[in-house]
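Please look through the model shown below. The report that follows covers ring contacts, pockets, an enclosed space and the buried parts of the chain.

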Amino acid sequence: MKVIEIKDLVKKYDDNIAVDNISLSIEEGEIYGILGPNGAGKSTAISLICSLLFPNSGEIKILGQDIRKNLKSIKRNIGLVPQNIALYRNFTAYENVKFFGELYGLRGKKLNEAIDNALEFTELLDVKKKKAEEFSGGMLRRLNIACAIVHSPKILIMDEPTVGIDPQSRNNIMQAVKKLNKKGVTIIYTTHYMEEAESLCTKIAIVDNGKIIVEGTKDELKDIVSDKKILNIGVDNIYNVNLELLRNVEGVIDISIDNNNVVITSSKDVNNLSKIIKEISNEDLKINDLAFKEITLETVFLSLTGKKIRD
């Protein structure tokens, strides 16, 4: 069953096109990743799906309903974890979750049970009487999630939910995402962390400049560059590398610089390693490291956009 269908979605700000003719379909039970750098249009797309913004053109259907005609009933089935923490810092954890539960129409015993369940799920039940202002960054992120799931939504939208937190807190949130998904919640997960998309998402859309560049499972995306090989060469002085000479080597498709490393994308069918080493050696450079890189989502992104995701 398709829970979200988007067709030809466009959002403009004057002459700037933030979302450029996006179409996508999300199946029930998926963890659908929207992967792209800051400014790619991920958050704008999320805001359109949640009706925090309205498109210039295009269609959005959620659970089979047109969002323009059935907004109230649709919103009851969506939970949003925004990128910017949306909490009342002078409220306790319990009071924050209660506030959002009441917004969704929960009352009485049902509300109290839902609050405790949400706080227990996010491992905050023991600190429910503490004010949010006393929480660490990771705890605030988890409380943000508790507020989004208190009404047991069918669809949970998470916009960069691990930004600016420590590795342990990030791991806790990623485990929570997997648990929610096992309970049947369909999740949209935007991120610019490749490792999160690799670990979590059943399907991924790579977004850049407001457009979906490519979409598929992580294995399908990696197949796009299966005819290429990525060579990483570490040198002692990157400024002495003659990139033009390397670009002229047979089979070389693209070259980028990563600190003191030359990253060369090349055709897998062309045996050009010795020629590449010879051209670099001609520049009287010392090679500190040389290795072929595993094909990852970072490789795919670099190959399709010509830049790193954190550029």
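Tyr 88, Phe 91, Phe 99 and Phe 100 are linked into a cluster by ring pairs. The model is a predicted one. Three aromatic pairs occur in the structure. In one of them, Phe 99 and Phe 100, the ring centres are 5.3 Å apart and the planes stand at 90 degrees, so this pair is edge-to-face. The cut-off for that class is an angle over 60 degrees.

Are these two rings' residues buried or partly exposed? Phe 99 is partly exposed, at 27% relative accessible area. Phe 100 is buried, at 18%. The limit for buried is under 20%.

**Charges over rings**

Tyrosine rings also carry charged neighbours. The charged end of Lys 11 sits over the ring of Tyr 13, at 5.3 Å from the ring centre. Arg 170 places its charged end over the ring of Tyr 193, at 4.1 Å from the centre.

**Pockets and cavity**

The table sets out the open and closed spaces.

| Space | Volume | Nonpolar lining residues | Polar lining residues | Charged lining residues |
|---|---|---|---|---|
| Largest pocket | about 450 Å³ | eleven | two | three |
| Second largest pocket | about 360 Å³ | eleven | four | three |
| Largest cavity | about 90 Å³ | ten | one | one |

Take the largest pocket. Its lining has 16 residues. Lys 75, Ile 78, Leu 80, Leu 103 and Tyr 104 lie nearest the centre. Which elements supply at least two residues each to this lining? They are helix 2 (71-75), strand 6 (78-81), helix 3 (93-103) and helix 5 (137-149).

The second largest pocket is lined by 18 residues. Nearest its centre are Ile 149, Val 150, His 151, Ser 152 and Pro 153. Helix 4, residues 108-121, gives the most to this lining. Its share is six residues.

Next comes the enclosed space. How many cavities of 30 Å³ or more are there? The count is one. Strand 1 (2-13), strand 2 (16-27), helix 1 (42-49) and strand 9 (203-208) each give two or more residues to the lining of this largest cavity. Helix 1 provides the largest share, three residues. The cavity lining includes Lys 42, Ala 45 and Ile 49. Other lining residues include Ile 6, Leu 9, Ile 22, Leu 24 and Ile 34. Gly 41 also lines the cavity, as do Ala 205, Val 207 and Ile 212.

**Helix 1**

Why does helix 1 count as largely enclosed by the rest of the structure? Seven of its eight residues are buried, so the surrounding structure largely encloses it. The buried residues are Lys 42, Thr 44, Ala 45, Ile 46, Ser 47, Leu 48 and Ile 49. Just after helix 1, Ser 51 takes a positive phi of about 65 degrees.

**Leu 246**

Leu 246 belongs to helix 9, which spans residues 243-247. Leu 246 is buried, with a relative accessibility of 1%. What does Leu 246 touch, apart from residues up to four places away in sequence? The contacts are Val 241, Val 252, Ile 255, Val 262, Ile 264, Ile 276, Glu 279 and Ile 280. Lys 275 is 29 residues from Leu 246 along the chain, yet their C-alpha atoms are separated by 8.8 Å.

**The chain as a whole**

The protein chain has 311 residues, and 48% of them count as buried. It holds eleven helices and 14 strands. Along the principal axes, the C-alpha atoms fill a box of roughly 75 × 40 × 35 Å. How are contacts spread along the sequence? Among contacts between residues at least 6 apart in sequence, 69% join residues at least 24 apart. The contacts of Leu 246 include Ile 276, Glu 279 and Ile 280.

Notes. Residues are numbered from 1 along each chain as its sequence is written. This is a predicted model: local features need pLDDT of at least 70, side-chain atom pairs count only at pLDDT 80 or more; totals for chains, interfaces and linings use all residues. Side-chain values use heavy atoms; hydrogens and water are left out. Rings of Phe, Tyr and Trp (its six-membered ring) pair if their centres lie within 6.5 Å; planes under 30 degrees apart count as stacked, over 60 as edge-to-face and the rest as tilted. Buried means under 20% relative accessible area, exposed over 50%, partly exposed in between (1.4 Å probe, protein chains only). A charge sits over a ring if NZ of Lys or CZ of Arg is within 6 Å of the ring centre and within 35 degrees of the ring normal. On a 1 Å grid over the protein atoms alone, a cavity is a set of points where a 1.4 Å probe fits but cannot get out, and a pocket is an open set with protein on both sides within 12 Å along at least five of seven lines; lining residues have an atom within 4 Å of a point. Grid points are joined across faces, edges and corners, and a volume is the space filled by probe spheres set on the points. Helices (H or I, at least four residues) and strands (E, at least two) are DSSP runs, numbered from the N terminus. Ala, Val, Leu, Ile, Met, Phe, Trp, Tyr, Cys and Pro count as nonpolar, Asp, Glu, Lys and Arg as charged, and the others, Gly among them, as polar. Contact means heavy atoms within 4.5 Å.
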